[in-house]
Amino acid sequence: MAGLELLSDQGYRVDGRRAGELRKIQARMGVFAQADGSAYIEQGNTKALAVVYGPHEASGRAGWGIVWPWELRGSRAERWLGDLRGNGRRASVYTADAQHRISLGVNIRGSRARALPDRALVNCQYSSATFSTGERKRRPHGDRKSCEMGLQLRQTFEAAILTQLHPRSQIDIYVQVLQADGGTYAACVNAATLAVLDAGIPMRDFVCACSAGFVDGTALADLSHVEEAAGGPQLALALLPASGQIALLEMDARLHEDHLERVLEAAAQAARDVHTLLDRVVRQHVREASILLGD
Amino acid sequence: MAMEMRLPVARKPLSERLGRDTKKHLVVPGDTITTDTGFMRGHGTYMGEEKLIASVAGSVERVNKLICVKALKTRYIGEVGDIVVGRITEVQQKRWKVETNSRLDSVLLLSSMNLPGGELLGQGVLVQVSPSLVKRQKTHFHDLPCGASVILGNNGFIWIYPTPEHKEEEAGGFIANLEPVSLADREVISRLRNCIISLVTQRMMLYDTSILYCYEASLPHQIKDILKPEIMEEIVMETRQRLLEQEG
């Protein structure tokens with residue numbers, strides 16, 4: 001787009017931020033009472049919701065387990081509420097007709113085919129709402145991007161969750177992006193971290209993620225959609241802040257080796273800033289619950 | 001037909017209204033609890049680089065040399081002597097798989113069905129709450145004076161049922177009592193269920209006295225109104241005050 005400069009001469013970005021500045025982050029834990037853990041996060045205009053179930057008995061069916069209520073297609077889908085866990089414990093469990101070929105929630109309980117004998121199975125599902133982007137677009141559940149995101153989230157959380165403590169069980173993490181304005185992977189990871197903490201599942205540390213890019217010799221942190229669409233290199237980093245260990249680092253663009261160090265450092269600093277914020281949110285939540293329960 | 005519409009509104013967090021603070025040591029994962037290596041590590045902690053680090057978000061509990069972190073809510077972890085209420089999810093050849101809100105499903109062998117201490121339940125309502133909210137008491141079977149009985153399972157499953165008029169000794173075997181429950185009993189049970197849900201939303205411990213006080217505080221309101229946020233807060237505040245008066 002002619003005339004759109006991602007970084008002005010004075011050092012301001014399109015939305016008025018400085019190069020290393022994050023967007024406003026707001027987060028809440030415990031938004032769904034039925035789930036074991038849940039959280040909602042807003043990073044600027046990117047909004048993500050995460051729901052965690054577990055640890056529970058490993059089930060035979062892979063990956064699918066949840067269809068969000070706004071994805072239900074009225075007359076075409078046949079609603080079958082509550083798997084054997086009953087009483088609406090899962091947010092929604094639906095089975096659709098042959099046309100959709102999505103047979104969700106047929107939870108073959110007790111099938112120990114996928115249970116691992118020495119640690120817990122982490123199962124992540126990523127889903128993007130039809131109304132999340134500028135143009136309304138229906139995304140089928142099995143598509144490439146969702147699967148890839150799911151896999152990345154799984155790798156990230158397998159690194160952080162202490163899975164050895166729960167052998168033969170399964171932990172389900174479902175993430176839904178409600179509004180996508182850049183940095184969706186980061187928002188998903190941050191929301192999922194809060195949800196896992198809300199569920200009381202032991203983790204090594206927080207997992208904080210942020211994206212970073214490179215324009216005109218300067219590294220930018222926390223890219224918005226406009227900056228991502230401009231086509232420059234983008235890096236997504238998930239970090240365990242206390243030890244500085246990297247859970248996942250992903251970049252799919254061309255970036256000169258000399259610049260990598262700077263971009264990586266910008267992303268790491270941004271992730272640490274995210275950690276400060278998430279830490280505050282969690283402490284506030286724990287403090288409030290502690291006060292209500294009484295000493 | 002009258003319809004009610006509500007608009008979302010930001011409300012003050014309840015802890016502010018209570019006006020007190022907690023004295024516990026609260027931690028989040030990644031926090032160092034102590035660098036003293038003399039302690040034994042319990043649940044919710046792990047050892048990393050000569051330091052004891054928390055792995056869940058909760059409060060630190062120290063018993064002599066054992067340090068553990070008690071998470072805000074976890075799945076049920078069984079202990080000897082606990083009463084649990086479960087749902088049968090699977091029937092296999094010689095045993096049943098029971099869902100008890102724990103990390104793995106529980107197993108109930110058919111041979112232990114007729115042993116004392118376990119029983120199948122007839123008509124009633126199941127309420128699922130977090131196990132951390134059920135207080136440990138001497139007995140978990142309560143006959144409330146309002147006309148219903150309640151079983152508070154340690155695993156967070158609560159069973160509300162109409163008080164049977166007479167206790168019979170069954171010779172053996174389970175005959176399901178399928179007589180329709182009277183309207184009055186059903187109203188009591190619904191009201192109790194809504195009271196329990198409002199106590200849970202306001203994070204209060206569940207035991208017979210708290211449920212009873214909450215029930216009495218809710219009597220002036222209609223059953224369906226109990227679940228509205230402002231009425232819920234009002235009822236639970238009243239319950240809290242009565243409990244404080246009783247203890248103080």
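**Chatting through a two-chain model**

Trainee: Which residue comes right after H2(B), and what is its phi near?
Mentor: B:Arg203 follows H2(B), and its phi is positive, near 55°. Helices here are DSSP runs of H or I with at least four residues, strands are E runs with at least two, and both are numbered from the N terminus.

Trainee: What kind of model is this, and how are things labelled?
Mentor: It is a predicted model, where local features need pLDDT of at least 70 and side-chain atom pairs count only at pLDDT 80 or more, while totals for chains, interfaces and linings use all residues. Residues are numbered from 1 along each chain as its sequence is written, chains are lettered from A and ligands numbered from 1 in the order in which they are written, and side-chain values use heavy atoms, with hydrogens and water left out.

Trainee: Back to helix H2 of chain B: what span should it have?
Mentor: The helix covers residues 183-201, and its 19 residues should span 27 Å at 1.5 Å a residue. The expected figure is 1.5 Å times one less than the number of residues. The end C-alpha atoms are 27 Å apart, which agrees.

Trainee: Which residues of H2(B) are buried?
Mentor: Among them are B:Val188, B:Ile189, B:Leu192, B:Cys195 and B:Leu199. Buried means under 20% relative accessible area, exposed means over 50%, and partly exposed is in between, using a 1.4 Å probe and protein chains only.

Trainee: And what do those buried residues pack against?
Mentor: Their partners in chain B are strands S11 (125-128), S13 (148-152) and S14 (157-162), along with helices H3 (208-218) and H4 (229-247). A contact here means heavy atoms within 4.5 Å.

Trainee: Zooming out, how many helices and strands does chain B have?
Mentor: Chain B has four helices and 14 strands. Its C-alpha trace spans about 65 × 50 × 40 Å along the principal axes, and 43% of its 248 residues are buried. Of the contacts with a separation of 6 or more, 59% are between residues 24 or more positions apart.

Trainee: What is the order of the open sheet of four strands?
Mentor: In chain B the order is S1-S6-S7-S3, with mixed pairing. Strands S1 (26-27) and S3 (40-41) stand at the edges with a single partner strand each, so one side of each has no neighbour in the sheet. Two strands count as paired if DSSP finds at least two bridges between them. S3(B) and S7(B) run parallel and are joined by two bridges, and B:Arg41 stands opposite B:Ile67 in S7(B).

Trainee: New topic: how many salt bridges are there over all chains?
Mentor: There are 19 over all chains. A salt bridge is a side-chain nitrogen of Lys or Arg within 4 Å of a carboxyl oxygen of Asp or Glu. One of them joins A:Asp15 and A:Arg17 at 3.1 Å, N to O.

Trainee: Is A:Arg17 buried or exposed?
Mentor: A:Arg17 is buried, with a relative accessible area of 5%, whereas A:Asp15 is partly exposed at 42%. A:Arg17 also meets A:Glu227 in a salt bridge of 3.9 Å, N to O. That pair links distant parts of the chain, 210 residues apart: A:Glu227 is in helix H3 (residues 225-229) of chain A and A:Arg17 is in the segment before S1 of chain A. At 4% relative accessibility, A:Glu227 counts as buried.

Trainee: Which residue does B:Lys73 meet in a salt bridge?
Mentor: B:Lys73 meets A:Asp198, at 3.7 Å, N to O. A:Asp198 is in helix H2 (residues 184-198) of chain A and B:Lys73 is in the loop between strands S7 (66-71) and S8 (87-91) of chain B, so the pair joins two chains. Both A:Asp198 and B:Lys73 are buried. Elsewhere, salt bridges with shared partners tie residues including A:Arg13, A:Arg23, A:Asp181 and A:Asp222 into one network.

Trainee: Where does A:Gln43 lie, and which residues does A:Gln43 touch?
Mentor: A:Gln43 lies in strand S2 (residues 37-43) of chain A and is buried at 1% relative accessibility. Leaving out residues up to four places away in sequence, A:Gln43 touches residues including A:Arg23, A:Ala186 and A:Asp222.

Trainee: And where is A:Val122 found?
Mentor: A:Val122 is in strand S6 (residues 121-128) of chain A, and at 1% relative accessibility A:Val122 counts as buried. A:Val122 and A:Leu49 are 73 residues apart in sequence and 18 Å apart in space, C-alpha to C-alpha.
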